[in-house]
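Q: I have a structure open here and would like to go through it piece by piece. Could we start with the packing of helices on strands and then move on to other parts?

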Amino acid sequence: MSPDTSAAPGEHRLAIRRLLDQGTPDRAAVDAFLGEHTFPLIEGMSVTFVWRGEADSVRLRHFIYGLSASQPFARVPGTDLWHLTLELPDRSRVEYKLEIERNERSEWIQDPRNSLLARDPFGANSVVHARGYEIPEWTRFDPESRSGTVEEHHLHSQALGRDARVDVYLPARFRPGRRYPLLVAHDGGDYLAYSGLKTVLDNLVHRVEVADVIVALTYPGNRMVEYADHEPHARFLTEELLPFMSERWPLKNTPDTRCLMGASFGAVASLSTACRYPQTYGRLLLQSGSFAFSDIGPNPRGPSFAPVVKFMNEFRDRPMRVAERVFVSCGQYESLIYENRSLVPLLQSTGMDVRFVEARDGHNWENWRDRLRAGLSWLFPGPMGMIYE
Amino acid sequence: MSAVPRALAFLGPQRFNPTLGAVVAALGIEGDLATVTAGWQERELEVEELHEHLGGRAVNLELHRRGDAVFAADPEFAAAYRRRQELFREMQAIYALRLDAAMAACTALAARAGHARLLEEERGAALEVVRTLDESHAARMNDVHAEFDARWRPLERSVLAAERAELARLLANVDALAIAGGHVAVLANRLRLFDVLALSGDRPVIAWSAGAMACSERIVLFHDHPPYGTGHAQVLDQGLGLADGLVFLPHARRRLDLGDTERVGMFARRFAPRAATVLEDGAALTWRLGAGWIADPGCLRMQDDGTLAPLGPLGVAA
């Protein structure tokens with residue numbers, strides 16, 4: 001995404017340029033301009049953002065690693081209209097906010113002209129879809145898909161020293177007499193709320209792209225501790241949660257039918273648990289893992305990453321085959337893309353079967369949602385070609 | 001048409017447009033029906049909704065359960081059967097490997113510009129390679145079936161024969177056989193294992209979705225957009241031969257790009273002279289002695305030019 005600050009070739013065709021070429025537009029011309037288009041305005045690879053109002057400055061605050069996180073809008077002289085045009089590579093998906101500064105006070109707001117929002121645990125961001133990006137249809141509610149169920153359960157974890165909530169997803173037409181693979185999802189509540197995991201599972205299971213699967217959706221306590229290569233967490237999953245699940249639901253209970261999944265620190269927790277209990281989990285789904293490491297000296301990401309860096313440095317020094325299949329995904333606009341790209345050949349060197357998928361997206365739940373089909377259908381493929389009901 | 005003249009009905013998916021009851025009535029079937037739901041596998045006995053739709057006049061043949069019982073009681077046969085299935089899977093994987101390469105040539109030539117006449121000839125030749133591969137695969141599957149049957153004589157094995165005797169008793173009291181969809185390979189295997197069509201004599205057969213596929217001349221698996229792989233349709237096996245000259249495609253609208261004339265046309269030409277037949281939800285294709293084949297508007301034939309047309313008159317006769 002590069003800022004379009006000068007009159008680049010072809011820019012004259014952009015709507016904002018046509019407005020600017022009129023000289024100083026009057027209020028009616030600005031009204032007409034805003035009424036004629038929807039914003040952000042996608043014109044080829046160019047995306048024009050606008051904001052209208054009195055301010056000292058307006059900035060685009062986005063979450064794209066590699067670009068200045070703050071991109072200034074320009075004011076159309078003599079008006080209260082602010083604008084910024086950027087180029088976004090095709091198929092990009094970018095979350096952002098607007099920063100409005102008035103009287104030395106700044107406020108981050110959602111783009112009032114953009115109804116497209118992506119929610120996350122911190123609220124919601126505005127979203128722009130570049131040319132060619134479409135929300136995958138399998139992430140949307142499909143009335144043809146039979147609905148699975150999600151039930152809330154609790155167990156006391158001696159390893160973690162706390163009550164542990166586990167929501168259990170059972171696929172539609174679950175039958176106690178049949179045995180199922182098990183998927184353990186870190187940050188399960190967030191996957192449900194922000195990645196639409198239940199809808200995705202319902203659709204992919206209904207379309208037989210993913211096998212009928214039982215999912216244990218876990219909730220962290222202090223995730224920055226528990227997910228950072230924390231031995232009690234690995235013990236909780238393996239020595240407490242697995243037996244808890246096996247006693248209550250019909251699981252196939254073989255390594256190739258167990259998968260750990262997680263995003264960000266959840267991916268670290270997945271990999272580190274698999275390392276502590278090798279060959280217990282035959283499948284790993286690692287999304288935008290916070291796989292920070294240092295070749296020499298300290299890692300600059302701060303103290304919360306220290307246990308992760310220690311774990312990753314040890315893993316990089318002595319990589320081990322802990323599972324059969326590992327699916328890794330990461331956004332190209334994340335600071336972690338380097339770490340994730342670096343991880344792939346390391347995993348492959350151990351003999352694990354690894355698939356890696358990149359997307360023009362950031363470190364967010366909808367990026368992780370959009371990669372679920374590729375990951376789950378490879379880790380737990382359904383008999384798609386065989387079923388015609 | 002089957003070797004035994006009998007009324008037939010092949011239906012599209014029934015979940016959203018159930019037409020089974022109406023077709024049963026139209027065929028004049030007034031007595032009980034035997035249902036086959038082996039394609040539902042472990043859910044085989046969850047037939048309440050189906051049997052209710054049939055007015056309660058139904059008995060389930062429990063082919064999936066009976067198959068498992070045979071394998072449990074006859075381990076020698078079970079082991080041989082398992083080895084045969086493993087061989088089938090390996091054959092399918094090798095066929096898929098060769099098919100990908102052959103279809104890649106077809107796709108590349110379809111997209112290539114240049115000397116029109118030369119390209120037309122080469123496209124035809126490339127498709128002929130695919131057709132030859134399909135035929136060779138189907139023939140090999142047939143050979144394996146024949147060798148297995150000759151070696152193991154399944155119908156003469158005591159456990160299986162006892163189950164067949166029970167099936168014959170059940171079928172003697174019904175007027176028709178209704179075969180549901182589901183897992184097409186499992187369904188076809190169970191129907192073949194017990195040779196249910198032979199046991200059912202000249203009773204009408206009504207089959208839908210995978211049931212129709214299993215009863216057709218050739219079983220073709222299809223999906224244009226799988227999460228992985230190329231999405232090339234694959235010949236799975238010979239069907240049970242109740243409908244010569246037809247390849248049934250239920251759920252085609254969900255799984256195929258029916259608006260892509262290039263793909264649809266290639267599909268039609270690949271399986272010709274068999275008619276690649278889309279069965280829309282609830283569609284019905286029936287055959288009755290004296291009336292011949294009657295296709296409702298939901299039965300669509302893929303044409304060589306990539307369009308869909310009403311199935312129309314069929315060149316298959318009783």
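Q: Which strands does helix H7 of chain A lie across, and at what angle does helix H7 run to S16(A)?
A: This is a predicted model. In chain A, helix H7 (residues 265-276) lies across S16 and strand S17 (283-287). Its direction is at about 145 degrees to S16(A).

Q: And what does helix H11 of chain A touch?
A: Helix H11 (residues 372-379) of chain A packs on the sheet and touches S16, S17, strand S18 (325-331) and S19 of chain A. With the direction of S18(A), that of the helix makes about 175 degrees.

Q: In what order do the strands of the open sheet come?
A: The order is S12-S13-S15-S14-S16-S17-S18-S19 in chain A, 8 strands with mixed pairing. Strand S12 (149-157) and strand S19 (353-359) stand at the edges with a single partner strand each, so one side of each has no neighbour in the sheet. From one strand to the next, the twist averages 20 degrees.

Q: How do S14 and S16 of chain A run, parallel or antiparallel?
A: They run parallel: strand S14 (residues 182-185) is joined to strand S16 (residues 258-263) by 4 bridges. Opposite Leu182(A) stands Arg258(A) in S16(A).

Q: Changing topic: what are the domains of chain A?
A: The domain assignment gives domain 1 (2-129) and domain 2 (137-386). Their C-alpha centres lie 36 Å apart. The contact between them takes 14 residues from domain 1 and 12 residues from domain 2.

Q: Which strands supply at least two residues on the domain 1 side?
A: Strand S8 (93-102) and strand S10 (117-120) of chain A each do so. The residues on that side of domain 1 divide into 7 nonpolar, 2 polar and 5 charged.

Q: What does S8(A) pair with in the antiparallel sense?
A: S8(A) and S9(A) run antiparallel and are joined by 5 bridges. Arg102(A) stands opposite Arg105(A) in S9(A). None of the 5 residues of strand S9 (residues 105-109) is buried, so the strand lies largely in the open.

Q: How many residues lie between the strands of that hairpin?
A: There are 2 residues between S8(A) and S9(A), and in this hairpin Asn103(A) takes a positive phi near 50 degrees. Asn103(A) has this positive phi although it is not a glycine. Asn103(A) is exposed, with 7 other C-beta atoms within 10 Å.

Q: What about Val208(A), buried or exposed?
A: Val208(A) is buried, with 20 other C-beta atoms within 10 Å. Val208(A) also has a positive phi, of about 60 degrees, although it is not a glycine. Its place is the loop between helix H4 (197-206) and strand S15 (214-218) of chain A.

Q: Where are the cis peptide bonds I should look at?
A: One is the bond from Phe39(A) to Pro40(A), with omega near 0 degrees. Pro40(A) is in the loop between helix H2 (27-36) and strand S2 (41-43) of chain A. The bond from Ala272(B) to Pro273(B) is also cis, with omega near 5 degrees. Pro273(B) is in the loop between H11 and S10 of chain B.

Q: How many residues of that H11 in chain B are buried?
A: In helix H11 (residues 261-271) of chain B, 8 of the 11 residues are buried, so the helix is largely enclosed by the rest of the structure. Among them are Val264(B), Met266(B), Phe267(B) and Arg270(B). The buried residues of H11(B) pack against elements of chain B including helix H4 (75-111), helix H5 (116-152) and strand S10 (275-279).

Q: And chain B overall, what is its secondary structure?
A: Chain B comes to 11 helices and 14 strands. Its radius of gyration is 20 Å, close to the 20 Å of the globule rule for 318 residues, so chain B is as compact as a globular protein of that length. Of its 318 residues, 43% count as buried.

Q: Last topic: how many residues does the contact take from chain B and from chain A?
A: The contact takes 19 residues from chain B and 16 residues from chain A. On the chain B side, strand S5 (182-183), helix H7 (184-194) and helix H9 (210-215) give two or more residues. By class, that side has 10 nonpolar, 6 polar and 3 charged residues.

Q: Which strand of chain A pairs with S5(B)?
A: Strand S20 (residues 387-388) of chain A pairs with S5(B) in the antiparallel sense over 2 bridges. Gly182(B) is the bridge partner of Tyr388(A).

Terms used: Residues are numbered from 1 along each chain as its sequence is written. Chains are lettered from A and ligands numbered from 1 in the order in which they are written. This is a predicted model: local features need pLDDT of at least 70, side-chain atom pairs count only at pLDDT 80 or more; totals for chains, interfaces and linings use all residues. The radius of gyration is taken over C-alpha atoms; the globule rule is 2.2 Å times the number of residues to the power 0.38. A residue is buried if 20 or more other C-beta atoms lie within 10 Å of its own, exposed if 12 or fewer, and partly exposed in between; C-beta atoms are placed from the backbone. Domain bounds come from an automatic or database domain assignment. Two residues are in contact if their C-beta atoms, placed from the backbone, lie within 7 Å. Ala, Val, Leu, Ile, Met, Phe, Trp, Tyr, Cys and Pro count as nonpolar, Asp, Glu, Lys and Arg as charged, and the others, Gly among them, as polar. Two strands pair if DSSP finds at least two bridges between them. Axes are lines fitted to C-alpha atoms, for helices over the stretch in contact, and angles run from 0 to 180 degrees between N-to-C directions.
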